[in-house]
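Colleague: I would like to learn how to read the contacts between chains, taking one feature at a time. Could you walk me through them?

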Amino acid sequence: MAQLTKGETGEWETVIGMEVHAQVIAESKLFSGASTKFGADPNSQVSLVDAAMPGMLPVLNKYVVEQAIKTGLGINSKINRTSVFARKNYFYPDLPQGYQISQFDQPIVGEGKIEIDLKDGSVKEIGITRMHLEQDAGKSLHDQHPTKSYVDLNRSGCALMEIVSEPDIRGPEEAAAYISKLRMILRYLGTCDGNMDEGSMRADVNISVRKPGDELGTRAEIKNVNSVKAVQQSIDFEVARQIEILEDGGEIKQETRLWDPDKNETRSMRSKEEAHDYRYFPDPDLLPLELAQEQIDAIKKTLPELPDEKKHRFIDEFGLSAYDASVLIAERPRADYFEEVAKDRDAKLAANWVINELLGILNKNEQDITDSPIKAEQLGGLIDLIADNTISGKIAKDVFAEMYKTGNDAAAIVEEKGLKQVTDTGAIEAIVDEVISENPDNVEAYKGGKDKLFGFFVGQVMKKSQGKANPAAVNELLKKKLS
Amino acid sequence: MSDLTHMSIADALKGLESKDFTAVELTQAHIDAMAATKDLNAFVTETPEIALKQAEESDKRREAGKAGALDGIPLAIKDLFCTEGVQTTASSHILEGFIPQYESTVTAKLFADGAVMLGKTSLDEFAMGSGNTHSYFGNVINPWKGSDAKDLVPGGSSGGSAAIVAARGAMGATGTDTGGSIRQPASFCGITGMKPTYGRCSRWGVISFASSLDQPGAFARSVEDCALLLNSMAGHDPKDSTSAQKDVPNFAAAITGDIKDLKIGIPKEYRMDGMPEEIAKLWQQGAEWLKDSGAEIVDVSLPHTKYALATYYIIAPAEASSNLARYDGVRYGQRVEGEDLREMYENTRSQGFGDEVKRRIMIGTYVLSAGYYDAYYIKAQKVRRLISEDFTKAFEQCDALLTPTAPSAAFAIGENEDDPIKMYLNDVFTVPASIAGLPGISVPAGLDSNGLPLGLQVITKAWDEETAFRVGGVIEEKASFTALPQTLSQKAA
Amino acid sequence: MSMDKETIRKVAGLARIKMDDVELETMAPQLSKIIDWIEQLSEVNTDNVEPLANVVNINLALREDKVTDGGCTDKVLANAPEEVQNFFVVSKIVE
């Protein structure tokens, strides 16, 4: 559903296409044997190839190619059996060769699509134009010296995948959903860690606005957008900026703009205004990359179940709501955890406990599910105690809190604290009688037609039983005695 | 003049093995010869200390019975091969003082076989030229002199290597050939030069000019010596993605003298307008020698030959413009500061590169730029395919092609300088094989009326250097080229 | 098609080669002549001909994903014109 922005002259539609750069998980760089580890001493993870010493030559990393194929398959895209590495020529101190080895007119991955989930529960397809492999640049530090920049080439030559979307995205929410979904898929595949803080994933966002039904407007490209929040904020800012210009009778300049997260604004990168002419041509130090169909098929067999498949399976197999399924599949370890809890148990109950209780407390304490002190098997144990009426749902929450604190099994806690549910009707009846005799006025009022008071009696009984009374039995007995 | 410096590599290896002399003696003789021919300006960097140390070690290895295939043989190394700890410049100011921290694969293989390095030879800057007149470190002078005794070019780009081998200052040398940079100077200097198939020798550690054309090769004074050198230099290198996983045959063993089973093609398009009569005659003579030795001579056609030079002068500068982008003053080499970063780049590159390099970078940048890429670069790659297919078709009718190596003998320094295209035309017979990646050998076959050497070129199919050596060996035998450069014979007299 | 001075200036900018007016005067006719000369390729009929980028008839060989290089900061910086604390140093990059 298109999200429209109201301007002074009517409604505007936002059109967005994204280029996401994702660093490929691999031990070594795209064309050299230097390490890709993050955070090493300056220029310590640099080979003579990465430093573009005279006469040094690139040799392609086989695993990175496999990772790219895996990713291509994961975003439902065509894998091109022949692809070509090309040089993109420009000068910059953190680009040692004076060109970036990339792929231009023959990328390794062609057209595809992914589905994004929107807040209203609907699903939208976003087209993938292509994905190619390329070298990352080094890093320039500008704040170390008043008149100098420092250059560290550790990142230089690390493998990146650039995933280009069609201009199918219609607003900040869709953009956020798109990048989140992409991140999820890459993390499922194990081809990118999706760590946006460390720059493992970053986006360039192409934004234009138009009146619904009009031709595409002129776009601005926003660089350096490296969080989901920044994607949304930069779009909000840019859409407002463009609408304002257009409504004032101005024109949008096709340009590259930089997102400044501190000032919450995009601004023109004047230095990039100079007409670019990258002079792409096939890298003569490399030959075309030819892939065998068998190789692609073999990789296809190793693909894990991907988020969308998993989601649909959770809905179909476990009867979960689309929302619950989406929450559970957001991270692969989370989905795995849930499945272990749900195995041979009431899946909806399991989903409730994982989503509402476990994720609730983990989020509160900024923990991942992999850090959870309660293991899946233990949470399953708690659910078993609820299912066989050993404890009530209410008591279970207390037991859960204790499990989180101590890491102990549910049964042990219930045993130790004597939390077993009272199902003995005789014992419950005694408490019911007690409550009735202590509250003659309310009994009178209830019998006089104040039906709402029923809850009061239930509450009193539960309180007296310290929550251990079986609620069904309490209801039944109260109804009988108050009638 | 010492007999040691006039020997072939093959004979020197025998002499070393039979202890007629030591590697140190052989090396010292060449160091002395280098000093005597210093006015040729063949070297950018001489490394006599390294040479003597290597020679001492070589003698020890031989003593211990562990001598390698080229143990104790003093060689000159083109200053395009990066040599660990020894300045490597590509004859460019921009790399003056650059000390590689690595050894090129080809030189590492030579040294592993026991070869001794006398020094780094001058070349046209970044291997761009045909006269060695585009070196930041000055012109190299051909040891041969015409009747007017003017200084002549040694050819290029590997002019220093060719000149010093001809002047008996080194037993052999490495070169690189992009469009004729081994074969043309070999012809100009009266020695043998072999460019193998593209992909035969590793380019790792060789400063790139045009990656899809560059190929290391060898200079020596005999076909057999070239074969010995190439055997050491060749072989697959996993560090070079364009290096082929092909077995390296025993090239020297291919020189059997027997070419009775061979068909030799004479490409008619090489008979160009204005070809000097002497060269046409020598070519004819070469064909007759081969015929007399039992080969069959056939006429073949390479119809796109005339477009090879223009194709080359699009592809090579295009690749070069990108390959030379790394010389930016940031990580190594000369830096000329400026007001800002951009000015630093522009100052560094405009003061670091010579005119011919700048011209080629400009042409290369232009033909790759938006709006011209298809018209020039893609067009040239299409013609490249046609040229390559011409050879494939020709080799359906013959086993080897015989052509002149160059359209003229060595010319005077200063000639052809007014017009870059005139200089480019020197490579008219060598460029087509480069474009197709084919092996070619130039063998000295005679002298012109001015007393200057002329070479004949043998081109074969990809990976068939053996046939090139075999045919080259027969030309060598028939030509029995024994003339010495005048500068040497005068000194001897 | 000859290269006019404006084009040459633009190309020199792309190639980061400073070219003053004197050099431009010398180089313009040389470059134009070379470009005119290579124009001869337009005579060749290349309809239905695929471009040939590389003549070597082998498959691209790939490397195993192992850390076999790097950890040689000294070698990387050995020839650096300017260096501080293992960084390369250049004049400040203006965004």
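Modeller: Let us begin with one pair of residues: in strand β2 of chain C, the bridge partner of A:Val151 is C:Phe88. Please keep in mind that this is a predicted model.

Colleague: In what sense do strand β9 of chain A and β2(C) pair, and over how many bridges?

Modeller: A general idea helps in reading any strand: in a regular strand the side chains alternate between the two faces of the sheet. In the present case, β9(A), residues 148-152, and β2(C) pair in the antiparallel sense, and the pairing extends over four bridges.

Colleague: How many residues of chain C are in contact with chain A?

Modeller: The size of an interface is often given as the accessible area lost when the parts come together. Here we can instead count residues, and 34 residues of chain C are in contact with 43 residues of chain A. On the side of chain C that touches chain A, α3 (73-77) and β2 (87-91) each supply at least two residues, and the largest share, five residues, comes from β2(C). By character, the residues of that side divide into 16 nonpolar, nine polar and nine charged.

Colleague: How is the packing of helix α9 of chain B and helix α2 of chain C to be described?

Modeller: Two packed helices are described by the angle between their axes and the distance between the axes. For α9(B), residues 308-323, and α2(C), residues 21-38, the angle is about 125° and the axes are 9 Å apart. That makes α9(B) oblique to α2(C), because an angle counts as oblique when it falls outside the ranges for roughly parallel, roughly perpendicular and roughly antiparallel. The crossing of these two helices, α9(B) and α2(C), is left-handed.

Colleague: Which residues meet where α9(B) and α2(C) come together?

Modeller: From α9(B) come B:Ala310, B:Tyr313 and B:Ile314, and they meet C:Ile34, C:Trp37 and C:Ile38 in α2(C). The residues of this contact divide into six nonpolar, no polar and no charged.

Colleague: Within chain A, how many residues lie between the strands in the hairpin of β13(A) and β14(A)?

Modeller: There are four residues between the strands of that hairpin, and A:Asn264 takes a positive phi near 55°. The strands themselves, β13(A) at residues 255-260 and β14(A) at residues 265-268, pair in the antiparallel sense over four bridges, and A:Arg257 has A:Ser268 as its bridge partner in β14(A).

Colleague: What scores does the model carry?

Modeller: The model scores ipTM 0.97 and pTM 0.92, while for chain C the mean pLDDT is 93, with 98% of its residues reaching 70 or more.

Terms used. Residues numbered from 1 in each chain as written. Chains lettered and ligands numbered in written order. Predicted model: local features only at pLDDT ≥ 70, side-chain atom pairs only at ≥ 80, totals over all residues. Axes fitted to C-alpha atoms, helices over the stretch in contact; angles between N-to-C directions. Parallel < 35°, antiparallel > 145°, perpendicular 65-115°, else oblique. Left-handed = near helix turned anticlockwise from the far one by under 90°. Contact = placed C-beta atoms within 7 Å. Nonpolar A, V, L, I, M, F, W, Y, C, P; charged D, E, K, R; others polar. pLDDT = per-residue confidence, 0-100. Pairing = 2+ DSSP bridges.
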